[in-house]
Amino acid sequence: MTVLAIETSCDDTCAALVDRDGTIRANVVASQHEHDRFGGVVPEIAARHHLQAIDAVIEHALREADCSLDDVELVAATRGPGLIGALLVGLSAAKGIAAARQLPFAAVDHIAGHVAANFLQAAGGPFEPPFICLVASGGHTLVAQVDARGSSRVLGTTLDDAAGEAFDKGARLLGLGYPGGAALEALAADGDPLAFAFPGSAAARHGRSRRSALDGSLDFSFAGLKTALLYKLRDLGEDERAQRAPDLAASYQAAIVDSLLDRCERALAAGAGGRLAVGGGVAANGALRRRLGELGVEVHLPPRELCTDNAAMIAAAALCQAPLPYPDYLDIDAYPSGGRP
Ligand code: KG4
Ligand code: ZN
C-alpha cells in the first residue's frame, strides 16, 4: 500500500510517496525563494508558484520512488491550516488524481502532519504514543498530549506569535533576512545566551518577582520578546549593536528555547509517561535539540528535514485516519489559518 501525499500550505511545494509501514519512498520539497526579498511569504505569489511547480514535483516524487500512479492506493493532501490559495492548489491536484482513478482520499490537518512525522521509519522508527508533542513552526506553536495515532489533545498554544515567527522577526531586527531561524541560530553560535535576560528566558523568569498571566498555564507568548529586542537594539549604540550581535542572537534564542522547554517540562510532569516528541521547523534548531536531549526523559527528535514542512509527514498522518471513499471527498474544502474544518 502506497500513499501519494501533497503539501502546499505555505511556501514549499511538496509531494511524497510513503508505504503503509512508514517507509519513505520519495519526499520532494521544492522551496520558493521568491518571497525572501519581501521579508515574508506573499500569499498570491505562493499560490501561483505552487500551481507552476505542482505537476513537476509530483512527477519527480513518482520517479524517485520508481513507481507510477498505478501503484498509488491512497491519495492525501493538506487541507489546512495555511494560506488558502496555496492550500487549494495542492488539495485540488490531489483530489483530481484521486477522482480520476476513483481512489480513496485523506484530507489532512497540517499540525497532525507535524506530529505524525514521528511515525515515519526515517525518523528513527515509529515512536508510538502516548507522548507529549511539541509542535513549533512558523505558523503554530503548541504542546499536545498524543494518546494514540491520530488522537491528541492540545494542552497549550501560543497567544500571539508562533516560535518560528519570533525567530523570523528577531532575525529581521538583527538584519539577517527571511526566513531567519537558521541564520539567527548560526549567529548565536558565537554568543553568550546569558548576556541579556529577554522575556521568557529562564534568567528573566528567575529574576522576576511579579506573577505573570501565564504562570500555571501551558500557553506561550512571544510578542513581548521581539519588542524587548527592538528596545535593546535602540538603546545600544551602532558599534555595540554590531559587536554584541552574537550575544543578542544567543540570548534571544535562549528566551524562545527556555519558553518551549518550560512548557514541555511541565506537560511531561503532568503525565504521558515521560516521553516527548517534536515537530515543526523550529525543532530543527540545534540549541533546542541539545536542551531537549538534556531533559532526562525519552525524547524523539526526527531528522531536521522531517521537522520542516514536507509531504511525507502528511502521508504519515493520512495513515492514521479513515480515508474517504470516492466520490465522498469531491466537495471537501481547504481551511485557512485560524479557520476550522
Ligand atoms: O514547519 P515549518 O517548515 O513551516 C511552517 O509550518 O511554518 O517552519 C518554518 C519556521 C520558520 O519560522 C523558520 O525560521 C523556522 O521554522 N526555522 C528555524 C530553524 N529552521 C527553521 N528556527 C530556528 N532554528 C532553526 N534552525
Ligand atoms: Zn509546518
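The following exchange concerns a predicted model and the reasons behind some terms used for it.

Reader: Why is aspartate 66 called exposed?
Author: The relative accessible area of aspartate 66 is 69%. A residue counts as exposed over 50%, so aspartate 66 is called exposed.

Reader: Where is aspartate 66 found?
Author: Aspartate 66 lies in the loop between α1 (43–64) and β4 (72–80). Its C-alpha atom is separated by 10.0 Å from that of leucine 17, with the two residues 49 apart along the chain.

Reader: What is the order of the strands in the open sheet?
Author: The five strands follow the order β3-β2-β1-β4-β5, and their pairing is mixed. At the edges stand β3 (24–31) and β5 (105–109); each has a single partner strand, so one side of each has no neighbour in the sheet. From one strand to the next, the twist averages 15°.

Reader: What makes β1 and β4 a pair?
Author: Strand β1 (residues 2–7) is joined to β4 by five bridges, and the two run parallel. Pairing requires at least two bridges, so β1 and β4 qualify as a pair. Alanine 5 stands opposite alanine 76 in β4.

Reader: Which strands do the helices α1 and α2 touch?
Author: Helix α1 packs on the sheet and touches β1, β2 (12–19), β3 and β4. The direction of α1 makes about 25° with that of β2. Helix α2 (residues 84–100) also packs on the sheet, touching β1, β4 and β5. The direction of α2 makes about 160° with that of β4.

Note on methods:
Residues are numbered from 1 along each chain as its sequence is written. Chains are lettered from A and ligands numbered from 1 in the order in which they are written. This is a predicted model: local features need pLDDT of at least 70, side-chain atom pairs count only at pLDDT 80 or more; totals for chains, interfaces and linings use all residues. Side-chain values use heavy atoms; hydrogens and water are left out. Helices (H or I, at least four residues) and strands (E, at least two) are DSSP runs, numbered from the N terminus. Buried means under 20% relative accessible area, exposed over 50%, partly exposed in between (1.4 Å probe, protein chains only). Axes are lines fitted to C-alpha atoms, for helices over the stretch in contact, and angles run from 0 to 180 degrees between N-to-C directions. Contact means heavy atoms within 4.5 Å.
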